[in-house]
Amino acid sequence: MRSLLITLSVAIKPGALHRLTLSGEFEQRLMELAEVLDPMEEAYRRGRNLALGKVTSQGMGLGQLVGRAVREAFDASGQTPLTGLWTASVVMSSIAGYADEAGINMVESLRTLIVRVLYGSSPADAEELLSALADVNDSDLVNYLADKGITQNYIAMNALTLGDLFENLYQVDLGFMLNLKSYQELVRASKILAGSQDLTSGVVRAYMHLASPLLAPDAREAAERGLDLKRLARLDKALEPMRSRYNRVLGGLFYSVVLGLAGGAPLAFSSLAPG
């Protein structure tokens with residue numbers, strides 16, 4: 001819950017949602033967040049049970065919980081939800097539950113946890129995720145998989161797991177970045193956050209790192225000159241028409257916030273310099 005609120009609210013993340021967004025979207029997304037809390041709690045419980053040996057990775061039903069989260073978020077707001085962010089929140093809850101129960105360091109054991117939870121899942125989990133993406137009208141993700149030939153039948157015939165789907169979907173939404181191909185980039189972003197003087201600047205710097213492939217060179221250079229509020233606000237306004245695209249970074253930022261806090265990131269917030 002804490003990491004989700006930090007991810008959503010910290011300002012200003014140019015292009016993406018933050019608490020100073022004036023369109024009403026911030027409040028709308030908070031309604032989605034409220035619906036995701038129960039699936040997160042259940043995912044944490046199932047992660048602990050996995051560590052205790054009470055369930056298997058394939059029997060944990062992680063795909064069902066992710067599907068429930070994004071569908072209920074969709075019902076709450078009436079529009080395509082922050083699919084990657086809500087997926088990340090459920091997946092990370094299960095991993096946190098496992099790590100807590102097993103008494104292991106989540107950051108140091110991240111690769112092992114990814115393999116156990118995501119690549120140990122079942123084709124039924126992957127099928128449920130694909131079904132949920134279609135149900136919430138996330139056409140960007142559905143079409144990307146379709147272009148790759150990944151359908152319900154393909155998943156079943158090739159025994160794909162959630163990890164396999166994440167390896168494809170992170171190309172569109174960083175909420176699926178927790179996979180063996182790309183998780184190291186999340187670790188790098190979390191270290192940027194943990195190495196900052198305060199949580200506010202750390203989150204913005206981690207966001208800019210993850211969003212940098214989307215930014216035009218001049219925008220990237222402007223951001224690198226410093227994190228003063230006026231400069232970030234100007235860039236945010238320029239990127240506003242592409243809000244939905246930059247919101248695809250939020251799931252990756254959430255992972256980085258969780259890992260950064262676990263790695264000793266400062267807890268104090270601050271105001272960015274006005275410039």
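Reader: In which loop is Ile12 found, and which residue does a cis peptide bond join to Ile12?
Author: In this predicted model, Ile12 is found in the loop between helix H1 (2-9) and H2. Most peptide bonds are trans. The bond in this loop is instead a cis peptide bond, with omega about 0°, and the residue that it joins to Ile12 is Ala11.

Reader: Which helix gives the most to the negative patch?
Author: The patch of negative charge on the surface gathers Glu35, Asp38, Glu41 and Asp75. Glu41, one of these residues, is found in helix H2 and is exposed, with a relative accessible area of 58%. With three residues, the helix that gives the most to the patch is H2 (residues 25-52).

Reader: What is the phi of Ala159, and where is Ala159 found?
Author: Most residues other than glycine have a negative phi. Ala159, which is partly exposed with a relative accessible area of 46%, is found in the loop between helix H8 (152-158) and helix H9 (162-169). Although Ala159 is not a glycine, its phi is positive, at about 50°.

Reader: Where does Asn137 lie, and what is its phi near?
Author: Asn137 lies in the loop between helix H6 (123-135) and helix H7 (139-147). Asn137 is a residue other than glycine, yet its phi has a positive value, near 60°.

Reader: How are the rings of Phe166 and Phe176 arranged, edge-to-face or stacked?
Author: A search of the whole structure finds two aromatic pairs. In the pair of Phe166 and Phe176, the ring centres are 5.0 Å apart and the planes stand at 90°, an angle over the 60 degrees required, so the arrangement is edge-to-face. Phe166 lies in helix H9 and Phe176 in the loop between H9 and helix H10 (183-194), so the pair ties together parts that are 10 residues apart in sequence. Both Phe166 and Phe176 are buried, and the arrangement of their rings is edge-to-face.

Reader: Why is the pair of Phe254 and Tyr255 tilted?
Author: Phe254 is buried, with a relative accessible area of 4%, and Tyr255 is likewise counted as buried, at 0% relative accessibility. The centres of their rings are 6.3 Å apart. The pair is tilted because its planes are neither under 30 nor over 60 degrees apart, the angle being 50°.

Reader: How many residues apart are Glu167 and Lys181, which form a salt bridge?
Author: The closest N and O atoms of Glu167 and Lys181 are 3.8 Å apart. Glu167 counts as buried at 18% relative accessibility, whereas Lys181 counts as exposed at 59%. Because Glu167 lies in helix H9 and Lys181 in the loop between H9 and H10, the salt bridge ties together parts whose separation in sequence is 14 residues.

Reader: Which residues do salt bridges that share partners join into one network?
Author: Arg248 meets Asp140 in a salt bridge at 3.3 Å, N to O, which links distant parts of the chain, with Arg248 in the loop between helix H14 (243-246) and helix H15 (250-262) and Asp140 in helix H7, 108 residues apart. Arg248 also forms a salt bridge with Asp173, the closest N and O atoms being 2.9 Å apart; Asp173 lies in the loop between H9 and H10, so this second pair ties together parts that are 75 residues apart in sequence. Asp173 and Arg248 are both buried, while Asp140 is partly exposed at 45% relative accessibility. Through salt bridges that share partners, the residues joined into one network are Asp138, Asp140, Asp173 and Arg248.

How values were computed:
Residues are numbered from 1 along each chain as its sequence is written. This is a predicted model: local features need pLDDT of at least 70, side-chain atom pairs count only at pLDDT 80 or more; totals for chains, interfaces and linings use all residues. Side-chain values use heavy atoms; hydrogens and water are left out. Patches are made of residues with over 30% relative accessible area and no salt bridge: like charges are joined within 9 Å, nonpolar side chains (Val, Leu, Ile, Met, Phe, Trp, Tyr) within 5 Å. Accessible areas come from the Shrake-Rupley method with a 1.4 Å probe; for residues, only the protein chains shown count as cover. A salt bridge is a side-chain nitrogen of Lys or Arg within 4 Å of a carboxyl oxygen of Asp or Glu. Lys and Arg count as positive and Asp and Glu as negative; His and the chain ends are not counted. The place of a charge is taken as NZ of Lys, CZ of Arg, CG of Asp or CD of Glu. Helices (H or I, at least four residues) and strands (E, at least two) are DSSP runs, numbered from the N terminus. Buried means under 20% relative accessible area, exposed over 50%, partly exposed in between (1.4 Å probe, protein chains only). Rings of Phe, Tyr and Trp (its six-membered ring) pair if their centres lie within 6.5 Å; planes under 30 degrees apart count as stacked, over 60 as edge-to-face and the rest as tilted.
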